[in-house]
Amino acid sequence: QVQLVESGGGLVQPGGSLGLSCAASGTILRIGVMGWYRQAPGKQRELVATIMYSGRTRYADSVKGRFTISRDNAKNTVYLSMNSLKPEDTAVYYCNAADVYTETTSGDTLWGQGTQVTVSS
C-alpha cells in the first residue's frame, strides 16, 4: 500500500522561507504527477504547484517566483521550497500523487495527511 508522508511546515515570519517534503512509501513503479495543494480556513483546497515525471512544472499565479517545486524520481519524493512568504500563504498544505503505478495497482491518486504552514509576525 502506497502512502504519502509529509514533513516540514511550521511557523514563519512574513518574508521568511520554509521547505516541505513528501515521500511516497511502498513498492512504486512510477508516479506521473506529484504536487502540492493548500486549504486555508473557510476556503476551498487550491493548487499550489505540480511537477510531472519529466520535470515539467506548473504553478499557481499567487506563488510564481516565490515557490519552487522539485522531485526526486528515484526516491519518489517531492519538495516545495517557499520563499518570501506572506500571511495569505497560511494554510494546510497537502501533498498529492497522481497516476501512481505499483506492481498491483495503476492510475491511483493519493493525498498526504496535510501539514500546517503559518505565516505570522
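## Exercises: charged side chains in an all-strand chain

In this predicted model, the side chains of R38 and E46 meet in a salt bridge, with N and O 2.7 Å apart. Let's work outward from that pair.

**Exercise 1.** Work out how R38 and E46 are placed relative to the surface: buried, partly exposed or exposed?

*Solution.* Start with R38. Buried means under 20% relative accessible area, and R38 has 6%, so R38 counts as buried. Now take E46: its relative accessible area is 37%, which makes E46 partly exposed.

**Exercise 2.** Find which other residues join R38 and E46 in a salt-bridge network.

*Solution.* A search of the whole structure turns up 4 salt bridges. One of them links R66 to D89, with the closest N and O atoms 2.8 Å apart. Next, place the two partners: R66 sits in the loop between β6 (57-59) and β7 (67-72), while D89 sits in the loop between β8 (77-82) and β9 (91-102), so this pair ties together parts 23 residues apart in sequence. Both R66 and D89 are buried. Finally, look for shared partners: salt bridges that have them join R38, E46, R66 and D89 into one network.

**Exercise 3.** Take the salt bridge between K64 and D61 and decide whether its residues are buried or exposed.

*Solution.* The K64 and D61 side chains come together at 3.1 Å, N to O. As for the surface, both K64 and D61 are exposed.

**Exercise 4.** E6 is buried and has no salt bridge. Which backbone atoms does its side chain reach?

*Solution.* First, locate E6: it belongs to strand β1 (residues 3-8). Then check for a charged partner. The nearest side chain of opposite charge is R45, 7.9 Å away, and a salt bridge needs N and O within 4 Å. Now turn to the backbone. The E6 side chain reaches the backbone nitrogen of C95 at 2.7 Å, and a polar atom of that side chain is 2.9 Å from the backbone nitrogen of G114. Beyond its neighbours within four places in sequence, E6 also has contacts that include S21, C22, W36 and Y93.

**Exercise 5.** Describe the chain that holds all this: how many helices and strands does it have, and how does its radius of gyration compare with the globule rule?

*Solution.* Count the elements: 0 helices and 11 strands. The radius of gyration is 14 Å, close to the 14 Å the globule rule gives for 121 residues, so the chain is as compact as a globular protein of that length. For burial, 43% of the 121 residues count as buried. Last, the contacts: among those with a separation of 6 or more, 54% are between residues 24 or more positions apart.

Technical notes: Residues numbered from 1 in each chain as written. Predicted model: local features only at pLDDT ≥ 70, side-chain atom pairs only at ≥ 80, totals over all residues. Heavy atoms only, no water. Helix = DSSP H or I, 4+ residues; strand = E, 2+ residues; numbered from the N terminus. Buried < 20%, exposed > 50% of the residue type's maximum accessible area, 1.4 Å probe, protein only. Lys, Arg positive; Asp, Glu negative; His and termini not counted. Polar contact = N/O pair within 3.5 Å; in protein donor to acceptor, adjacent residues only side chain to side chain. Contact = heavy atoms within 4.5 Å. Rg over C-alpha atoms; globule rule 2.2 N^0.38 Å.
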